[in-house]
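Hello,

Here is the structure I promised to pass on. Please have a look at it first, and then read my notes below.

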Amino acid sequence: MAFGSKRKLAAQTDAEEASVVELDCSNSGDEQNTADGADEEEESAENGTATAAKPLLDEYQRAEKGQASSSLANKKFSNGPLAEAFAGMERDGVDMHIMMFLCANGIPFNVLRSPQYPEMVAAIQKAPKGYKPPAYEKARTTLLDACKRKVETDLDPVRQTWYSHGVSIVSDGWTNMKNQPLINVMASNSCGSMFLYAEDFSGQEKTGEAIAEFLLQAIEEIGPANVLQVVTDNASNCKVAGREIQKVHKHIFWSPCVVHTLNLIFKDFANQFAWMVDTYQTGKVIVKFFRNHQHFQALFRKNSDLDLLKVSKTRFASHYILLKRLMDVRETLTTTVVTSKWKELVRDADVQTRAAANEIAQNIMDEAFWDEINIILDITRPLYMVIKFSDGEGPKSGDIYEKMDNMLGEIQDVMTNEDNPHKDDWPEVNNIILDRWGKMNWNFHCLAFALSPKYYDQAYLATLAPGGGKRKAPNDDKEVMQGVMQALNRIAEDQKEYALLREEFNTFIMKKGLYALSAVQADAAAMNAIDWWFTYGSETPNLSEVAKKVLSQPISSSSAERNWSTYSFIHSVKRNKLNTKTADKLVYIHANERLRRRFTEGYNSGPHYKWDIDPDNSLLEESSLKLEQLRWSSLEDNRTH
């Protein structure tokens, strides 16, 4: 027996036995028992009396080896406090094996928050006696295929939404670590973005026609009647692909990614306005200096909780992000360059570093430099906020037109202010924005805007729009109605259906029948637009079906781009021997199982709350939600617009 023979137990003194019992009874929880047991062991070692500690250590070691507890086998102690203490030690042994597995294989602790973890443990506990876990070869072949089929089956509720809410094909290109060009396909609507597959285009030219053929195949698999739009980036071959798809399916719109389009406005500004470029370049030099000089950076970090951001060229709104962070740490930068330690570092540096440091300090102390940053941030903040809005997933098609209109008014307010030294550049700024706006899917966005009930609310229309203009209901805007008519004409199968949709649209905007009720109009201002149409759309059933689908569509290709983060996480340097088919299966399971779990109650509360967001991980590949939060959270603007 691990705790000694019966003869040995009988020979123990009453004091020793009472001490052990007291150790257990003083705490009711297993964790407290374990902790106190550890304290007792440590104290005994310190006092040189390991009489009570050694049996406990022996029991722990037996538990580590997976052996049955001898004390539990003894009927005398099977239900007593000693048995509970030893059971706790056995659990500690199991915990140690789990911990060793995690640490030895570099598995993040965050996986323990996953709902699949307790499900796996419960399944093992219910396994038949003598169960052996799957071997390497079985896991990577038959089990992987079976797991993918299970996820496909579990996603049936998501697929069902394609019939009621419609769906968009979202696609993006990427090159993996083996330098293989891939193009992925996502099926996206208001219920989430489902990864379908990615195809290797090695040896093929990614022409517009080739991409169109690839996407048309996906459309056929989903069902052309369910697909409303195809969303890609703004590349010329994608534009050609969009035109080819629209030739085959008249009702399917090609939509360039709104986020990409808006980001190009930043680049247009930088190309057009020297004052903006100069300020941005000066800011980049400051950031680069600190990040490239370790001692200066350490001095800065000593006084700041925020770090300077070196923003990738491919990062959306990189100009705004860099300047915003500089403004946030302005006080720290100013303090840093006047300290004696800074002067000491400059004095001890080489000639080149000394000259650069002096120039950096001069720019940081230049009030005009910070004034320019403030002006640029005020001008571009509305643009940044619309990019931030558009970059997230979810149904945003009904709001993007109004967001763009408001953004233009807000920028006009800033640019035309008498105190703005660049007010004469407003006409050029306006032209740049309008030109890029016109390259978006204007007709589709106009239709979604016109089908959003809240924009007909009288209280909303009574408020002034940014720029001081009066708000218009969608049907009072000629440009919007032109877009609406063109979009409805494309969606309708024939002229008869087109006429029916126009008639029902008139019923909707004139608030006839059910739409005349005060409760319905009140809900139009308060309810989600899709829910409103599901609730009250019976008055105009044909238009309601169109509205529910149009309003459920995404406006960006962000979901497809984030999918590559999952790919790089799975097909990493350590797993570089994965072929594309195996990687595709793993990404399918990883991405879509997480999508499915987000619809469960436990995702938004309890121990599995947002389990796929790793709070300890600063990398972007852990989850699409983490990617979105990291992209924007540190630069959240508290101002309301």
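**Aromatic pairs and a cluster**

F505 and F508 both sit in helix 25 (residues 495-509), three residues apart, or about one turn of the helix. Both residues are buried. Please keep in mind that this is a predicted model.

The two phenylalanines also belong to a wider group. Y456, F505, F508, Y515, W532, W533 and Y536 make up one aromatic cluster.

In total, the structure holds 30 aromatic pairs. One of them is F290 with W342: the ring centres are 5.9 Å apart and the planes stand at 35°, so this pair is tilted. F290 belongs to helix 13 (residues 274-292) and W342 to helix 17 (residues 340-348), so the pair ties together parts that are 52 residues apart in sequence. F290 is buried, and W342 is buried as well. Now back to helix 25: the rings of F505 and F508 have centres 6.3 Å apart and planes at 55°, so that pair is tilted.

**Strands**

Start with strand 4 (residues 227-232). Is it mostly covered or mostly open? It is mostly covered: six of its six residues are buried.

Strand 4 pairs with strand 1 (residues 167-175) in the parallel sense, over four bridges. V167 has V227 of strand 4 as its bridge partner. V170 stands opposite V231, again in strand 4.

Strand 4 also pairs with strand 5 (residues 253-256). These two run parallel and are joined by four bridges. Here Q229 has F253 of strand 5 as its bridge partner. What lies between the two strands in the β-α-β unit? Helix 11 (residues 236-248) does, and the unit of strand 4, helix 11 and strand 5 is right-handed.

Strand 1 has a further partner in strand 2 (residues 181-189). The two run antiparallel, with eight bridges between them. I169 is matched with A187 of strand 2. Strand 1 and strand 2 form a hairpin with five residues between the strands. In that hairpin, N179 takes a positive phi near 65°.

**Salt bridges**

How many salt bridges does the structure hold? There are 22. Three of them follow.

First, take R347 and D348. Their side chains meet in a salt bridge at 3.9 Å, N to O. R347 is exposed, with a relative accessible area of 56%. D348 also counts as exposed, at 57% relative accessibility.

Next, K454 and D399. Their closest N and O atoms are 3.0 Å apart in a salt bridge. This pair links distant parts of the chain, 55 residues apart. K454 lies in the loop between helix 22 (442-450) and helix 23 (458-461). D399 lies in the loop between helix 19 (367-391) and helix 20 (400-415). Why does K454 count as partly exposed? Because its relative accessibility is 34%, and partly exposed covers the range between under 20% and over 50%. D399 is buried, with a relative accessible area of 16%.

Then E593 and R596. Their side chains form a salt bridge at 2.9 Å, N to O. Both lie in helix 30 (residues 580-597), three residues apart, about one turn of the helix. E593 counts as buried, at 12% relative accessibility. R596 is partly exposed, with a relative accessible area of 22%.

E593 and R596 are also part of a network of salt bridges. Its members are E119, K150, D154, E593, R596 and R597.

**A nonpolar patch**

One last item, on the surface. Which residues make the nonpolar patch? M96, M99, M100 and F109 do, and the patch has an area of about 390 Å². F109 sits in the loop between helix 6 (81-104) and helix 7 (116-125). At 49% relative accessibility, F109 counts as partly exposed.

Best wishes

Technical notes:
Residues are numbered from 1 along each chain as its sequence is written. This is a predicted model: local features need pLDDT of at least 70, side-chain atom pairs count only at pLDDT 80 or more; totals for chains, interfaces and linings use all residues. Side-chain values use heavy atoms; hydrogens and water are left out. Buried means under 20% relative accessible area, exposed over 50%, partly exposed in between (1.4 Å probe, protein chains only). Two strands pair if DSSP finds at least two bridges between them. A crossover is right-handed if, with the strands pointing away from the viewer, the path from the first strand over the helix to the second runs clockwise. Patches are made of residues with over 30% relative accessible area and no salt bridge: like charges are joined within 9 Å, nonpolar side chains (Val, Leu, Ile, Met, Phe, Trp, Tyr) within 5 Å. Accessible areas come from the Shrake-Rupley method with a 1.4 Å probe; for residues, only the protein chains shown count as cover. A salt bridge is a side-chain nitrogen of Lys or Arg within 4 Å of a carboxyl oxygen of Asp or Glu. Rings of Phe, Tyr and Trp (its six-membered ring) pair if their centres lie within 6.5 Å; planes under 30 degrees apart count as stacked, over 60 as edge-to-face and the rest as tilted.
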